[in-house]
Amino acid sequence: MTVLAADCFPTELPGNEVHVWIADPDQCDLTQLEDRHYRLLSAHERDKFRSFHFDKDRRQYLAAHALTRLVLSRYTRLAPEEIDFASGPNGKPCARLPAPHTTIRHNLSHTAGLVGCVLARGRACGIDIESCRPLPALESIVPTVCSPDEIAQLEALGAHARLHHFLRLWTLKEAYAKATSEGLGAALAQVSFRIEDEAVACLIKGHAAANWWFHSTLPTERHVLALAVSGASGPLSVSLHRLHL
């Protein structure tokens with residue numbers, strides 16, 4: 001997938017397209033990020049921001065929420081700070097947008113070194129990003145979240161490839177859980193994935209995932225990104241854009 005610069009950004013969101021925006025939260029220090037974007041946050045978001053003890057967590061949170069507001073602003077022509085958010089199912093944030101933008105759906109994710117936001121029109125969507133890092137407890141995690149087929153896939157790989165493949169499976173599962181608003185309390189082992197390059201096949205409780213579209217990619221050399229989008233009877237067009245905060 002090609003990463004496009006912000007000057008290539010779209011201003012329209014057709015129903016058959018999925019737009020992903022990413023940004024590096026570490027491109028500037030926390031003070032600079034606050035000077036530029038703290039004013040965009042709502043009172044609730046500011047309280048949440050201040051609740052984090054470590055600067056790295058504050059930076060990731062501020063970058064992800066500023067990115068979401070800036071991106072939604074591009075499509076709706078609203079000022080970023082004027083966009084209102086409400087809690088949807090299981091507390092999932094959703095933007096309350098005026099017509100004709102009421103069908104825009106979004107989701108955000110953040111991890112060390114990268115934040116991201118996905119947009120789709122009239123479709124539930126989820127995004128998850130993970131940094132490629134060692135997982136000392138990997139062998140104990142796998143049986144709790146992976147299906148028998150996924151476990152077999154992982155056991156056939158060497159240690160480095162196993163970690164990378166697990167992160168791709170995990171991000172797909174989390175993106176699906178976020179899109180459905182079920183959260184990670186869902187039975188993740190009942191959602192089983194097979195990945196061939198960037199093509200993804202999914203079984204949910206043993207049956208093909210009807211009307212779902214999944215995507216797995218590497219937005220940087222150090223990160224894995226996955227998307228889950230509902231209501232898709234066939235492939236969707238996805239584009240990835242980078243914004244400098």
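# A tour that starts at a bend

Let's begin by selecting Lys205, which lies in the loop between S9 and S10. Before you go on, keep in mind that you are looking at a predicted model.

**Stop 1: the bend at Lys205.** Check the backbone angles here. Lys205 has a positive phi of about 55 degrees, even though this residue is not a glycine. The loop belongs to a hairpin made by S9 and S10, with two residues between the strands.

**Stop 2: the strands on either side.** Now select residues 199-204, which are strand S9, and add S10. How do S9 and S10 pair? They pair in the antiparallel sense, over two bridges. To see who faces whom, click on Ile204: His207 in S10 stands opposite. Then click on Leu203, and you'll find Ala208 of S10 across from it. If you're wondering what holds such neighbours together, strands of a sheet pair through backbone hydrogen bonds, either parallel or antiparallel.

**Stop 3: the other neighbour, S8.** Add S8 to your selection. S8 and S9 run antiparallel too, and six bridges join them. Pick Phe193 and look across to S9, where its bridge partner is Cys202. There is a hairpin here as well, with two residues between S8 and S9, and in it Asp197 takes a positive phi near 55 degrees.

**Stop 4: the whole sheet.** Show the three strands together. They form an open sheet in the order S8-S9-S10, and the pairing is antiparallel. Which strands are at the edges? Strand S8 (191-196) and strand S10 (207-208) are, since each of them pairs on one side only.

**Stop 5: zoom out to the domains.** Colour residues 17-125 as domain 1 and residues 129-231 as domain 2, following the domain assignment of the protein chain. Taken over C-alpha atoms, the centres of domain 1 and domain 2 are 24 Å apart.

**Stop 6: where the domains touch.** Next, select the residues in contact: 20 from domain 1 and 18 from domain 2. About 1,500 Å² is buried between the two domains, and carbon and sulfur atoms give 58% of that area. How many salt bridges run between domain 1 and domain 2? The count is zero. Polar contacts are another matter, with seven residue pairs found across the interface.

Stay on the domain 1 side. The elements giving two or more residues to the side that touches domain 2 are strand S2 (17-23), strand S5 (104-111) and strand S6 (114-121). S6 provides the largest share, at five residues. Sort that side of domain 1 by residue type and you get twelve nonpolar, six polar and two charged residues.

**Stop 7: a cis bond.** Select Ala99 and Pro100. A cis peptide bond joins them, with omega at about 5 degrees. Where does Pro100 sit? It is in the loop between strand S4 (93-96) and S5.

**Stop 8: a salt bridge.** The structure holds eleven salt bridges. Side chains of opposite charge can pair when their charged atoms come close. To see one of the eleven, show the side chains of Glu12 and Arg77, which meet in a salt bridge at 3.4 Å, N to O. This pair links distant parts of the chain, 65 residues apart: Glu12 is in the loop between strand S1 (3-4) and S2, whereas Arg77 is in the loop between helix H3 (55-76) and strand S3 (84-87).

Technical notes: Residues are numbered from 1 along each chain as its sequence is written. This is a predicted model: local features need pLDDT of at least 70, side-chain atom pairs count only at pLDDT 80 or more; totals for chains, interfaces and linings use all residues. Side-chain values use heavy atoms; hydrogens and water are left out. Domain bounds come from an automatic or database domain assignment. Contact means heavy atoms within 4.5 Å. Buried area is the accessible area (1.4 Å probe) that two parts lose on being put together, summed over both. A salt bridge is a side-chain nitrogen of Lys or Arg within 4 Å of a carboxyl oxygen of Asp or Glu. A polar contact is a pair of N or O atoms within 3.5 Å; within protein, one must be able to donate a hydrogen and the other to accept it, and residues adjacent in sequence count only if both atoms are side-chain atoms. Helices (H or I, at least four residues) and strands (E, at least two) are DSSP runs, numbered from the N terminus. Ala, Val, Leu, Ile, Met, Phe, Trp, Tyr, Cys and Pro count as nonpolar, Asp, Glu, Lys and Arg as charged, and the others, Gly among them, as polar. Two strands pair if DSSP finds at least two bridges between them.
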